[in-house]
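Open the structure in your viewer and keep the sequence at hand. The tour goes from one selection to the next and says what is found at each stop.

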Amino acid sequence: MTKDSFKTKGKELKNFLLAMDRAWEEYENLKESLKNRKDSFNLPKDNCLYKGDNIDLLLALIEKEEKLSLIYIDPPFFTKEDKEAVVEEEGEKTRTLAYKDSWKNMSEYLEMLALRIMLMKDVLADDGLIFVHVDWHAAHYVRVILDEVFGVNRFVNEIIWQYKSGGSTKKHFARKHDNILVYSKTAKYKFNPQKEKSYNRGLKPYRFKGVEEFCDDVGWYTVVNMKDVWSLDMVGRTSSERTGYATQKPLKLMERIILAGSNSGDKVADFFCGSGSFGLAAAKLNRTFYMCDYGELAVKTTAQRLKEQDVSFERLYF
């Protein structure tokens, strides 16, 4: 490393800090603006879907003093590529824009995300958890944002979602996992441990005293609290869940998160709802949801999936 190269790295850190400063300034301005807002709307008591900037919905929730037991977000990953979806109309399949993920620089991206995370903290219940779904492109920066907003001591987990997908390279190990960062608002938070099979070494029985063991077609195993590496399939081309929406997340992943971080009857939210998998899982598990996305296709896809499953919801307008 040379002195010049160190200065270059230092510049990246300065840009990060400037992005945080701008986000904090905008956050304070938005909170100040709430003092002059008139109470001219009512939030639905049941499931809600909003098309528009999630800042609008977040400010509405803050104004109404709504509190959410769980927040999950799957924001753009800073891939620097806009994402497409396959849409079928009148028997013909066409590609259309799903959402934009191109940015001037990392600083612009981080400022966008940091501001929203600050507002999300305000609507998270004291015993709530936030799950932030990212990947290798910006996970390291996003974790620092969460440390800054929620506090280093409020870190709960980094979940590794491992999956199989096409594509590989000879330049590095295949990147086949996402990062889900979990933070709490306070030291006392709601968490429901999930269970999983843990296969014995050699798949043979241990016969330890007091340890209950089971056997299936694979071999002998015990049942333990779930670990932080989750191997779940993506929504593949042949999956019955598949909508054609880019980066659609599987229902099993959403269900696992919702079960772990909330209870039946709780209010939960996804402020980058994409294809709507979170809302479908929330409804199935008897949670009331708020969902939001800026994209026309995302809201259309979400609404269609909810209607197909007879999930009642209201469209919210400001």
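Start by selecting Glu-255, which sits in helix H5; helices (H or I, at least four residues) and strands (E, at least two) are DSSP runs, numbered from the N terminus. This is a predicted model, in which local features need pLDDT of at least 70, side-chain atom pairs count only at pLDDT 80 or more, and totals for chains, interfaces and linings use all residues. Residues are numbered from 1 along each chain as its sequence is written, and side-chain values use heavy atoms, with hydrogens and water left out.

Is Glu-255 buried or exposed? Glu-255 is buried, at a relative accessible area of 17%. Buried means under 20% relative accessible area, exposed over 50%, and partly exposed in between (1.4 Å probe, protein chains only). Now show what surrounds Glu-255: leaving aside residues up to four places away in sequence, Glu-255 touches Ala-281, Lys-284 and Leu-285. A contact here means heavy atoms within 4.5 Å.

**Val-299**

Next select Val-299, in helix H7 (residues 296-308). Val-299 counts as buried, with 1% relative accessibility. Which residues does Val-299 touch, not counting those up to four places away in sequence? They are Leu-49, Tyr-50, Lys-51, Asp-293 and Arg-315. Add Gly-274 to the selection: Gly-274 and Val-299 are 25 residues apart in sequence, and their C-alpha atoms are 7.3 Å apart in space.

**Two residues with positive phi**

Most residues other than glycine have a negative phi. Select Glu-65, which is not a glycine yet has a positive phi of about 60 degrees. Glu-65 is found in the loop between helix H2 (54-63) and E2, and Glu-65 counts as exposed, at 67% relative accessibility.

Then go to Thr-247. Thr-247 also is not a glycine and has a positive phi of about 60 degrees. The loop that holds Thr-247 runs between strand E11 (229-231) and helix H5 (251-261). Thr-247 is partly exposed, with a relative accessible area of 36%.

**Salt bridges**

How many salt bridges does the structure hold? There are 14 salt bridges, each being a side-chain nitrogen of Lys or Arg within 4 Å of a carboxyl oxygen of Asp or Glu. Three of them can be visited in turn.

Select Lys-83 and Glu-81, whose side chains meet in a salt bridge at 3.9 Å, N to O. Lys-83 is buried, at 16% relative accessible area, whereas Glu-81 counts as exposed, at 51%.

Move to Asp-82 and Lys-100, where the salt bridge has an N to O distance of 3.6 Å. Asp-82 is in the loop between strand E2 (68-73) and strand E3 (83-89), and Lys-100 is in the loop between strand E4 (92-99) and helix H3 (106-123), so this pair ties together parts that are 18 residues apart in sequence. Asp-82 is partly exposed, with a relative accessible area of 32%, while Lys-100 is exposed, with 54%.

Finally select Lys-190 and Asp-127, a salt bridge in which the closest N and O atoms are 4.0 Å apart. This pair links distant parts of the chain, 63 residues apart: Lys-190 is in the loop between strand E7 (177-184) and strand E8 (195-199), and Asp-127 is in strand E5 (residues 124-134). Lys-190 is buried, with a relative accessible area of 15%, and Asp-127 is partly exposed, with 31%. Add Asp-266 to the selection: salt bridges that share partners join Asp-127, Lys-190 and Asp-266 into one network.

**The whole protein**

Now zoom out and select everything. The protein has seven helices and 14 strands. Along the principal axes, its C-alpha atoms fill a box of roughly 70 × 60 × 50 Å. Of the 318 residues, 47% are buried. Among contacts between residues at least 6 apart in sequence, 72% join residues at least 24 apart.

To finish, colour the side chains by charge. There are 51 positive and 49 negative side chains, and the centres of the two sets lie 5 Å apart. In this count Lys and Arg are positive and Asp and Glu negative, with His and the chain ends not counted; each charge is placed at NZ of Lys, CZ of Arg, CG of Asp or CD of Glu.
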